[in-house]
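This briefing describes one protein chain for readers who work with its coordinates. The topics are the fold, one helix, the nonpolar core and one strand residue.

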Amino acid sequence: MAHPYHRRRPAALTALTLTAWSLALPLVGCYRYVPVATNVTPALGESSVFLTGAGSTAVQGKLGENVRSLDGPITRVTGDSIDLIVTDVFTQTRERFPQNGVPVTIARSNIEQVQTRTFSRKRTWGLVGAVVAVLVLALGASTAASASSGGDGGGGIQP
């Protein structure tokens, strides 16, 4: 006869997994991209750089045709150019092509807009609310399931 502890183990593992996700998601997914004014020097760090037609042509040799925007950390900013480590390329048709950190230097004249990644309180609280709701539903379902199972779980023939 199996010990009753083993039947509760998947539920505990599920609860532990949900708790880990509920703690990790707000740290990972609560950012948004905010446009930087054209006369302001963009900050170093995660950014999205939108290219002009000439900019798309300029990066074509390294990143392919029809490039619309590049995502990745800005590593250096000068008066004439921006250095970026490309992690994602988006085409004119919004197709995404992941990159493995391709370094590029883009002339300022080839840049239409720069957006920097910033922390979003609104998204964070929305995500926290969603995670709490899922945990409450999971806990309610778990409690209802354990209450309806009842008994000692033996199910054997009684003498």
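Which residue follows α2, and what is the sign of its phi? The residue is G64, and its phi is positive, near 105°. The model is predicted. The protein contains three helices and six strands, which appear along the sequence in the pattern α-β-β-α-β-β-β-β-α.

**Overall composition**

- Of the 159 residues in the protein, 24% are buried.
- Among contacts with a separation of 6 or more, 61% are made by residues 24 or more positions apart.
- The exposed area of the protein is about 10800 Å², and 60% of it is supplied by carbon and sulfur atoms.

**Helix α2**

- Helix α2 spans residues 53–63, and its buried residues are G55, S56, V59 and L63.
- These buried residues lie on the same side of α2 because they cover an arc of only 90° around the axis.
- An α-helix has 3.6 residues a turn, so residues three or four places apart point the same way.
- The exposed residues G53, T57, A58 and G61 are carried on the face of α2 that is turned away from its buried side.
- The cover over the buried residues of α2 includes β2, β3, β4 and β5.

**Nonpolar core**

- The largest nonpolar core has 15 residues, of which L63, L70, L84 and I106 touch the most other members.
- At least two residues of this core come from each of β2 (45–51), α2 (53–63), β3 (67–77), β4 (81–91), β5 (96–107) and β6.
- Strand β4 provides the largest share of this core, with four residues.
- In soluble globular proteins, nonpolar side chains tend to be buried together.
- Apart from neighbours within four places in sequence, L70 contacts S47, S48, V49, L51, L63, L84, V86, D88, V89, V104 and I106.
- The contacts of L70 thus include L63, L84 and I106, and these three are named with L70 among the core residues that touch the most other members.

**Residue R117 in strand β6**

- R117 belongs to strand β6, which runs over residues 111–119.
- With a relative accessible area of 38%, R117 is partly exposed, because that class lies between the limits of 20% for buried and 50% for exposed.
- Beyond its neighbours within four places in sequence, R117 is in contact with Y31, R32, Y33 and E46.
- R117 and Y31 are 86 residues apart along the chain, yet their C-alpha atoms are separated by 6.3 Å.

Definitions and conventions:
Residues numbered from 1 in each chain as written. Predicted model: local features only at pLDDT ≥ 70, side-chain atom pairs only at ≥ 80, totals over all residues. Heavy atoms only, no water. Buried < 20%, exposed > 50% of the residue type's maximum accessible area, 1.4 Å probe, protein only. Contact = heavy atoms within 4.5 Å. Areas by Shrake-Rupley, 256 points an atom, 1.4 Å probe, with all protein chains shown as cover. Core = buried A, V, L, I, M, F, W, Y, C linked by side-chain atoms within 4.5 Å. Arc of directions from axis to C-beta.
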